[in-house]
Amino acid sequence: MTFIAPELNPPIRTLMGPGPSDIHPRVLQAIAKNTVGHLDPYYLKIMDELQQMLRSVFRTQNKMTMAISATGSAGMEATVVNLIEPGDSMVVCVNGVFGGRMADVAARAGANVTKVERPWGEVFSLDDLKTALATAKPKVVGIVMAETSTGAWQPIEAISKLVHDAGALLLVDAVTSLGGVPVEVDQWNIDAIYSGTQKCLSCPPGLSPVSFSQRALDVVLARKTKVQSWYLDITMLANYWGTDRVYHHTAPINMTYGLHEALRLVLEEGLENCFARHRLNHEALKAGLGALGITYAAQEGHQLPMLNAVRIPAGVDDAKVRSGLLNRFGIEIGAGLGAFKGKVWRIGLMGYGSRPANVLLFLAALEQLLAEQGVTFTPGNSVAAANQRYAAK
């Protein structure tokens with residue numbers, strides 16, 4: 001008997017979790033445009049334009065800036081496996097799930113990994129790294145700029161100088177930060193960086209923007225062993241994304257269209273305007289949550305505007321609130337991961353999803369659900385506090 005599934009009819013959601021974010025209608029329209037071949041002159045032109053726009057958003061002149069044909073985790077793997085050879089020393093900063101994932105990827109690539117750890121929600125200082133740099137003498141130091149599991153925003157510039165003074169390469173995870181807060185690849189002297197499409201770029205998951213400095217490329221070209229992954233070997237990908245256009249793999253053409261349009265949207269708005277919008281909506285949400293007595297899990301002064309990890313009020317049923325938001329209001333938020341499981345909600349205000357309508361809808365819905373669980377507050381206060389922040393802009 002042949003099974004034929006029913007026609008797709010996905011529900012309409014307001015995506016306010018840790019990703020994917022709401023997709024801009026123009027991006028969805030771009031994805032639906034006619035497919036061409038991956039070596040078609042038109043597609044090669046789109047690749048060129050995509051690279052130029054990625055350089056603008058990464059704020060870099062790096063020649064080797066492109067989109068890996070896979071999700072952000074593949075961007076992590078691509079940067080690590082190209083820079084690391086078996087036996088190399090790598091220091092990884094771990095203060096959440098994704099720092100831990102980077103350490104795992106590095107170990108699988110054969111690195112001798114030294115973890116530098118901070119409590120979840122905190123960020124790293126220079127003093128946290130000095131001992132590890134002196135003792136491990138790493139080839140690469142990896143750090144997460146925007147830790148999606150905790151909402152912590154890691155400063156990069158001073159750490160970059162410390163890493164380079166120690167003779168190491170700096171590898172940065174910008175999956176959640178790109179397009180939401182400043183990412184200055186050249187100014188901060190970042191050697192390798194990766195991101196994802198489904199966060200502040202408001203494109204479906206499926207591509208991972210990456211950029212390698214010339215210094216990093218020189219290290220790759222000087223390898224004594226082949227890159228562990230054939231698919232992610234940057235020397236071969238360079239021949240496809242470079243002027244030679246040597247066939248490597250069949251690229252996801254329509255996803256490239258989507259990212260192309262997503263980058264156009266960011267650059268049309270202007271990076272500074274984009275960052276200011278994320279900041280304003282974060283501050284309005286924070287004011288509203290504060291009126292409900294809800295506090296943030298990340299260190300004060302280092303809280304991401306696009307990923308708000310907040311502590312669940314005592315006595316509140318985590319799953320019941322998230323289920324109510326989804327099933328009654330069509331709003332998705334994220335649960336806590338790892339050490340924060342059952343302790344925090346992760347509320348995303350990313351890209352197209354970072355807008356006042358989402359903030360106010362979420363606060364009104366949350367008030368209703370919290371009241372049903374016996375939480376005491378003055379009704380309407382959270383929405384009023386958010387609106388007061390908007391009025392003061």
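In this predicted model, Ser202 sits in the loop that runs between strand S9 (192–194) and strand S10 (208–212). What makes Ser202 worth a look is its backbone: phi is positive, at about 50°, even though Ser202 is not a glycine. Another backbone feature turns up at Gly19 and Pro20, which are joined by a cis peptide bond with an omega of about 5°. Pro20 belongs to the loop between strand S1 (14–15) and helix H1 (25–31).

Next come the aromatic rings. A pair of aromatic rings is described by the distance of the centres and the angle of the planes. The structure has two aromatic pairs. In one of them, Trp120 and Phe340, the ring centres are 5.5 Å apart and the planes stand at 70°; planes over 60 degrees apart count as edge-to-face, so that is the label for Trp120 and Phe340. This pair ties together distant parts of the chain, with the two positions 220 residues apart. Trp120 is found in the loop between strand S4 (112–117) and helix H5 (126–136), while Phe340 is in the loop between strand S13 (334–335) and strand S14 (344–348).

As for helix packing, the axes of helix H9 (residues 253–269) and helix H10 (residues 271–291) come within 5 Å and cross at roughly 90°. Angles of 65 to 115 degrees count as roughly perpendicular, and H9 and H10 are therefore roughly perpendicular to each other. On the H9 side, the contact is made by Val266, Leu267 and Glu269; on the H10 side, Leu271, Asn273, Cys274 and Arg277 meet them. Sorted by character, the residues of this contact are four nonpolar, one polar and two charged.

That leaves the empty space. Rolling a probe the size of a water molecule over the atoms shows where empty space is left. The largest pocket has a volume of about 340 Å³. Its lining takes in 18 residues, and those nearest the centre are Lys63, Met64, Ala238, Asn239 and Gly242. Helix H2 (41–58), helix H7 (214–221) and helix H8 (234–241) are the elements that each give two or more residues to this lining. H8 supplies the largest share, five residues. Overall, the lining of the largest pocket is a mix of seven nonpolar, six polar and five charged residues.

Terms used
Residues numbered from 1 in each chain as written. Predicted model: local features only at pLDDT ≥ 70, side-chain atom pairs only at ≥ 80, totals over all residues. Heavy atoms only, no water. Axes fitted to C-alpha atoms, helices over the stretch in contact; angles between N-to-C directions. Helix = DSSP H or I, 4+ residues; strand = E, 2+ residues; numbered from the N terminus. Parallel < 35°, antiparallel > 145°, perpendicular 65-115°, else oblique. Contact = heavy atoms within 4.5 Å. Nonpolar A, V, L, I, M, F, W, Y, C, P; charged D, E, K, R; others polar. 1 Å grid on protein atoms, 1.4 Å probe; cavity = no way out; pocket = protein on both sides within 12 Å on 5 of 7 lines; lining within 4 Å. Points joined across faces, edges and corners; volume = space filled by probe spheres on them. Phe/Tyr/Trp six-rings, centres within 6.5 Å; stacked < 30°, edge-to-face > 60°.
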